[in-house]
Amino acid sequence: MEYKIAIMPGDGIGKEISEGAVSVIKKIGKKYNHEFNINYADIGGVAIDNHGTPLPKETIEICKDSDGIILGAVGGPKWDHLKGEDRPEKGLLNIRKELGLYTNLRPAIVYEPLKNASPLKTEIIGEGLDICIVRELTGGIYFGEKGVREDGTAYDILSYNAEEIKRIAIKGFETAMKRDKKVTSVDKSNVLESSRLWRKTVIEISKDYPEVELNHMYVDNAAMQLLINPTQFDVILTMNMFGDILSDEASMITGSIGMLPSASIGEKYGLYEPIHGSAPDIAGQDIANPIATILSAAMMFKYSMGLVEEGVAIEKAVEKVLNDGMRTKDIYTDSTKLVGTKEMVSSIVENI
Ligand code: IPM
Ligand code: MG
């Protein structure tokens, strides 16, 4: 079969890690006899430099014309002086909105050979950790009205309507049905009106999923529970900003933010990216961990292209190199083998 894949490397380590994903995609093409036509597009800081905007029109077109989309990361000190609409991050936020990617799946899995890399005691991680954060991605405070008033007061409005909550809640419950059938809905309904609507709507949707156990947690408590009892969670369903924060926290429990992929999905398109950022401090040094982006490609094969076997082959290859003791700097511990970005990629490719 023939497929079109859009690659948006973005900034910082984005280039190195997305090249890793491209090598893996090419190997899958060879092994399974698919033709992958890869189209590169600029987003973020590099797009500002080349096109004067963080999200050029041609980037949107390339994405809309693809079967799957991979993004590296955006942002860096070079563009930190820019404001609002001109910032690199706006490229990412706008492509999410433009493609209607309202569901963000962020799995946090502790890989057995990486148990020691977790900052939490092994007793706390227990038999292992496998959480999926289902984050609303195109609403809430990220997309509400914002501005600075004449007196200098700055504001960002947080609002959700029932429709926006319903559709993400459905994704949360659907995700749970394929897993351990437990949803923890995270909100701040003791303080926020939008959270009260969130909770009410989630309860309504839960009636269609009687097999799924639903509980509710305030976000501050959820942040704490992730540290003291992370294995209680299966699916964490939450709004845009809480999901942003909790997914960084959950990822670190697994040992490294460099390990975790994510899928941003709408009715029509799917965009896959590591959950980490552009890490400008380590860019170009061949030390970044490419695994999150490579696993994002695996998610793309499974969710957007229906190539489940191919996705699983990538995940197995990643497990194999980890079992073989290969580690990039972020996950390195005594008695493992320190490798650079390129060597990690080539070992994964070899193992597919
Ligand atoms: C993420 C990032 C983005 C977000 C930034 C770069 C806009 O932190 O994908 O988690 O806040 O959504
Ligand atoms: Mg984030």
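This short presentation describes the overall build of one chain and then two of its elements, strand β12 and helix α12.

Good morning, colleagues. Please bear in mind throughout that the structure before you is a predicted model.

I begin with the chain as a whole. Its secondary structure comprises 12 helices and 14 strands. A compact globule of 352 residues would be expected to have a radius of gyration near 20 Å, and the chain, at 20 Å, agrees with that expectation. The C-alpha trace extends over about 50 × 50 × 40 Å along its principal axes. Buried residues make up 54% of the 352 in the chain.

How much of the contact network links residues 24 or more positions apart? Of the contacts with a separation of 6 or more, such pairs account for 74%.

Turning to the surface, the chain exposes about 15,400 Å², and 50% of that area is supplied by carbon and sulfur atoms. As for charge, there are 40 positive and 53 negative charges, and their mean positions lie 1 Å apart.

I now come to strand β12, which covers residues 270-274. Is this strand largely enclosed or open? All 5 of its 5 residues are buried, so the strand is largely enclosed by the rest of the structure. In a regular strand, side chains alternate between the two faces of the sheet. In β12, Gly270, Tyr272 and Pro274 point one way, while Leu271 and Glu273 point the other way. Please note that Glu273 is among the buried residues.

Which strands pair with β12? One of them is β3, residues 68-73, which runs parallel to β12 and is joined to it by 2 bridges. Within that pairing, Ile70 has Tyr272 as its bridge partner. Another is β11, residues 261-265, which runs antiparallel to β12 and is joined to it by 5 bridges. Here Ser262 is bridged to Glu273. Strands β11 and β12 also form a hairpin, with 4 residues between them.

My last element is helix α12, residues 341-350. Which of its residues are buried? They are Thr341, Met344, Val345, Ser347, Ile348 and Val349. The cover over these buried residues includes three helices, namely α1 (14-32), α10 (291-303) and α11 (308-323), together with strand β13 (326-327).

To close, I would recall two points from this predicted model. Strand β12 is bridged to β3 in parallel and to β11 in antiparallel fashion. For helix α12, the elements covering its buried residues include α1. Thank you for your attention.

Conventions
Residues are numbered from 1 along each chain as its sequence is written. Chains are lettered from A and ligands numbered from 1 in the order in which they are written. This is a predicted model: local features need pLDDT of at least 70, side-chain atom pairs count only at pLDDT 80 or more; totals for chains, interfaces and linings use all residues. Side-chain values use heavy atoms; hydrogens and water are left out. The radius of gyration is taken over C-alpha atoms; the globule rule is 2.2 Å times the number of residues to the power 0.38. Buried means under 20% relative accessible area, exposed over 50%, partly exposed in between (1.4 Å probe, protein chains only). Contact means heavy atoms within 4.5 Å. Accessible areas come from the Shrake-Rupley method with a 1.4 Å probe; for residues, only the protein chains shown count as cover. Lys and Arg count as positive and Asp and Glu as negative; His and the chain ends are not counted. The place of a charge is taken as NZ of Lys, CZ of Arg, CG of Asp or CD of Glu. Two strands pair if DSSP finds at least two bridges between them.
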